[in-house]
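Let's walk through this one strand by strand, then step back to the cores and the cysteines. Pull up the model and follow along.

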Amino acid sequence: MAAAAEEEAATREPAGRPAAGPALWRLPEELLLLICSYLDMQALGRLAQVCRWLRRFTSCDLLWRRIARASLNSGFTRLGTDLMPSVPVKERVKVSQNWKLGHCREGILLKWRCSQMPWMQLEGDSLYISQANFILAYQFRPDGASLNRRPLGVFAGHDEDVCHFVLANSHIISAGGDGKIGIHKIHSTFTVKYSAHEQEVNCVDCKGGIIVSGSRDRTAKLFRDRDGLLWALLTPKNLGPQQEGRGWREQAGAQRAGGCDHRGVLALGRGPAGPGTPGTSPLSCFLSDFSPQTQSGQLMTHLGSDFPPGAGVLDVMYESPFTLLSCGYDTYVRYWDLRTSVRKCVMEWEEPHDSTLYCLQTDGNHLLATGSSYYGVVRLWDRRQRACLHAFPLTSTPLSSPVYCLRFTTKHLYAALSYNLHVLDFQNP
């Protein structure tokens, strides 16, 4: 704390250069920035110890941007987009070293008495988590590692457990075991639900006003919220014959606008194909035509080949209109690029203990986090390497639980298990 206060005080010092010193200090700032841009993190840290002016100068975001883009979970995407422009880049690089070294402090944010299969989402300083047939909203305290115990809101409407939900345009789109899709307005009590499937809805997503749902009844449907009513755009008849499996799990791809037409790529991942069906791809891509005149879908391709029996997909995450990650029962995380070969993934990472991977999350750059089926194991991966960086078992043997959902910020990782919501604090390990 003292070091942080001293550094903050130094940044408030006047920007004037020291009157005496090497001739190097008399160079224009543009040249000094160019020279210092070749320094690594350690060299910049040593230079900052020379004087207060250099400490201020070496804290410039421009000098740390290149280092941050090569670091884990520093708030930069692979294309260099800064997702957190209000936070100094140097501070993010400091926290990034804790992610790299696995330095963190574990805590429990919430507990519940009955075993659950929770799902959660983060938005700003709020956390939304499902418990039974409710969705609860909590506000983080300033440290980000604790919650205000009293919920900000409680969203109901399903007759059975909430299986999945997403946040979109100040609304919560939820999927339940009752086969219904619910639409909840976050800042009011308005809730409406629609009968979407005959069995439980395993997954739902919303992009560009299009709602995508996948169900245990082996169907995937697309809806548009038009004048307060859901209109089905894609149905099993449009998508063609479905394959046998546990159920579809999907996420919508990028929506493209061209006039009045909205087009998107839909990745559908199904459950295990069952014994005797090796080689069946559990992940397919459809090109969906969202125009009211056609309302059709066309199979683009099946991703991958030579899958073992039971290689079902449990989670899919798009990073761009052409790249996505998938994980599931066959213990692999796979990175796909639709612009290259669809028969083979670009890269894959294997869970070292042969556990099913329930969920995944990425920072859009180098960091990948996965949740395993046993002992609440969360693993961190550097996508530039094959081996796992760190593993954090969050439960003991008597209380073994899968990690049903995980989310992270640049400072904290949150993992939802059967009985607890855990947090890993990388800012104050």
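Q: Over how many bridges do S8 and strand S9 pair?
A: Keep in mind that we're looking at a predicted model. S9 covers residues 191-195, and it runs antiparallel to S8. One of the links joins His-184 to Thr-191, its bridge partner in S9. The count for the S8 and S9 pairing comes to five bridges.

Q: How many residues sit between S8 and S9 in their hairpin?
A: The two strands pair in the antiparallel sense, and they also form a hairpin. The stretch between S8 and S9 has five residues.

Q: What about the other side: which residue in S8 is the bridge partner of Ser-174?
A: Strand S7, residues 171-176, runs antiparallel to S8, and five bridges join them. Take Ser-174 and look across into S8: the partner there is Gly-182.

Q: Which residue in the hairpin of S7 and S8 takes a positive phi?
A: This hairpin has three residues between its strands. One residue in the hairpin has a phi near 80 degrees, and that's Gly-179.

Q: Is strand S8 largely enclosed or largely open, and why?
A: S8 spans residues 180-185, which makes six residues. Buried here means under 20% relative accessible area, and five of the six residues of S8 are buried. So the rest of the structure leaves this strand largely enclosed.

Q: Which strands stand at the edges of the sheet?
A: The sheet is open and antiparallel, with four strands in the order S6-S7-S8-S9. An edge strand here has a single partner, so one of its sides has no neighbour in the sheet. That description fits S6 (162-168) and S9.

Q: By how much are neighbouring strands of this sheet turned against each other on average?
A: The strands pair in the antiparallel sense, but the angle here ignores direction. On average, the turn between neighbours is 20 degrees.

Q: In S7, which residue is the bridge partner of Leu-167?
A: S6 and S7 are antiparallel and pair over six bridges. Start from Leu-167 and cross over to S7, and you land on Ile-172.

Q: Which element gives the most residues to the largest nonpolar core?
A: This core has 25 residues, and those with the most contacts inside it are Tyr-128, Ile-129 and Leu-421. Elements giving two or more residues include strand S3 (126-131), S6 and strand S28 (420-425). Ile-129 touches, among others, Phe-134, Leu-136, Phe-165 and Leu-421, leaving aside its neighbours within four places in sequence. The top contributor, with four residues, is S4.

Q: How many residues are in the other core, the one that includes Leu-394?
A: That core lies apart from the 25-residue one. Among its members are Leu-413, Leu-424 and Phe-426. Its size is 18 residues.

Q: Why is Cys-36 not bonded to Cys-60?
A: A disulfide needs two cysteine sulfur atoms within 2.5 Å. Cys-36 is buried, at 6% relative accessibility. The closest cysteine sulfur to that of Cys-36 is in Cys-60, and the gap is too far for a bond, at 9.7 Å.

Q: How many disulfides does a search of the whole structure find?
A: Cys-163, partly exposed with a relative accessible area of 23%, is in no disulfide. The nearest cysteine sulfur to that of Cys-163 belongs to Cys-203, 9.9 Å away. For the whole structure, the number of disulfides is zero.

Terms used: Residues numbered from 1 in each chain as written. Predicted model: local features only at pLDDT ≥ 70, side-chain atom pairs only at ≥ 80, totals over all residues. Heavy atoms only, no water. Buried < 20%, exposed > 50% of the residue type's maximum accessible area, 1.4 Å probe, protein only. Pairing = 2+ DSSP bridges. Axes fitted to C-alpha atoms, helices over the stretch in contact; angles between N-to-C directions. Core = buried A, V, L, I, M, F, W, Y, C linked by side-chain atoms within 4.5 Å. Contact = heavy atoms within 4.5 Å.
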